[in-house]
Amino acid sequence: MLPRVCYFGDDELTGPAAYLAGVMEYCGFDYEHVPSRRHVPDDLLKEPFALYVISDYPSVGFTLTQLKQIAEHVKQGSGLLMIGGWESYFGRVGEYVNRPIAQVLPVYLSMSDDRVNCPQGCVVRMAKRHPITDGLPWDKPPLVAGFNQIFPKPQATTLLVGDRLAVSNSNGKLDVSVVDTVPLLVVSRFGAGRTAALAFDVAPHWIGGMVDWGAYRIVAQIPPGGYIEVGDAYVRLLGNIIAWTGKLREMPDAYPEEELAAPPLSLTAPTSSNEIGDSLPGKH
């Protein structure tokens with residue numbers, strides 16, 4: 001297995017892809033990048049990568065054979081991380097519904113447009129202590145500005161949830177309430193591999209204020225010659241997700257004895273096959 005990350009999507013490294021690429025450069029992860037508008041090369045997936053990251057990458061960029069190859073590689077020990085965006089999960093046009101990747105993901109997919117914009121913010125909170133969430137300033141939770149609706153499978157674990165806010169102004173007095181609470185980071189296993197579903201994007205606009213989360217700033221260089229300047233907690237969270245899912249660092253699988261129960265989610269998974277993607281039990 002190649003000790004590398006295969007990163008699909010987020011346009012070019014000179015654009016939104018600079019954010020995740022900058023994090024990986026800073027963390028010392030070796031990676032191969034396929035921009036959103038480029039089809040996956042025929043020979044790229046012959047040897048399994050340690051981790052596959054699909055982030056706002058259109059499903060038509062893959063052949064059916066390539067998606068089956070990724071699923072098989074994960075079953076044999078590679079990792080798979082899907083990151084939110086307009087061309088992730090269902091997205092605008094049903095990107096990964098009824099595709100082999102849907103079986104591998106730790107979440108069910110919606111059967112309709114799953115994009116949720118949060119102009120008044122969505123507070124990201126830790127739902128369970130885990131190697132991914134360790135050492136981060138959850139006493140000062142960040143905001144994101146949007147996400148894809150995802151529905152955790154029974155065997156999966158929800159690590160992060162989001163409180164979607166409603167803010168009103170009455171005679172100069174602000175009233176803040178929580179509209180609903182949704183899953184934002186879900187992890188599981190598929191065969192010998194680890195899988196993760198992150199519901200929000202890691203670049204503007206959906207990343208919102210989280211891009212500046214942390215006590216100090218980190219400047220990371222990008223191979224084309226640019227750089228990103230972001231919060232240290234943002235870098236640590238994304239670095240932890242990548243490292244854990246791809247087994248790129250020595251990190252425990254979980255902390256079963258250390259659980260922080262999340263509040264009941266007001267967003268419940270659909271039960272009809274007309275409302276949810278092709279990963280329902282019994283449909284394979």
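## Burial and packing in a predicted model

Of the 284 residues in the protein chain, 55% are buried (under 20% relative accessible area, with over 50% called exposed and partly exposed in between, using a 1.4 Å probe and protein chains only). This is a predicted model, in which local features need pLDDT of at least 70 and side-chain atom pairs count only at pLDDT 80 or more, while totals for chains, interfaces and linings use all residues. Residues are numbered from 1 along each chain as its sequence is written, and side-chain values use heavy atoms, with hydrogens and water left out.

The protein chain has four helices and 13 strands (DSSP runs numbered from the N terminus, helices being H or I of at least four residues and strands E of at least two). Among contacts (heavy atoms within 4.5 Å) between residues at least 6 apart in sequence, 71% join residues at least 24 apart.

The largest nonpolar core (buried Ala, Val, Leu, Ile, Met, Phe, Trp, Tyr and Cys residues joined through side-chain atoms within 4.5 Å) holds 85 residues, of which Phe 8 and Tyr 234 touch the most other members. Helix H4 (residues 232-246) gives the most to this core, with nine residues. Leaving aside residues up to four places away in sequence, Tyr 234 touches Tyr 19, Val 23, Val 202, Ile 207, Met 210, Val 211 and Trp 213.

Two helices can be set out by their buried residues.

| Helix | Residues | Buried residues |
|---|---|---|
| H1 | 17-27 | Ala 17, Ala 18, Leu 20, Ala 21, Gly 22, Val 23, Met 24 |
| H2 | 64-76 | Gln 66, Leu 67, Ile 70, Ala 71, His 73, Val 74 |

The buried residues of H2 cover an arc of only 160° around the axis, which puts them on the same side of H2 (the arc is that of the directions from the helix axis to the C-beta atoms). On the other side of H2, Thr 65 and Gln 76 are exposed. The buried residues of H2 pack against elements including strand E1 (2-9), helix H3 (100-104) and strand E10 (173-190). Gly 77, which follows H2, has a positive phi near 135°, and Gly 28, just after H1, takes a positive phi of about 80°.

Ser 36 lies in the loop between strand E2 (31-34) and strand E3 (49-55), and Ser 36 is buried, with a relative accessible area of 4%. Not counting residues up to four places away in sequence, Ser 36 touches Gly 9, Asp 10, Asp 11, Asp 56, Tyr 57 and Pro 58, and the side chain of Ser 36 reaches the backbone oxygen of Asp 56 at 3.3 Å.

Note on methods. A polar contact is a pair of N or O atoms within 3.5 Å; within protein, one must be able to donate a hydrogen and the other to accept it, and residues adjacent in sequence count only if both atoms are side-chain atoms. The expected span of a helix is 1.5 Å times one less than its number of residues.
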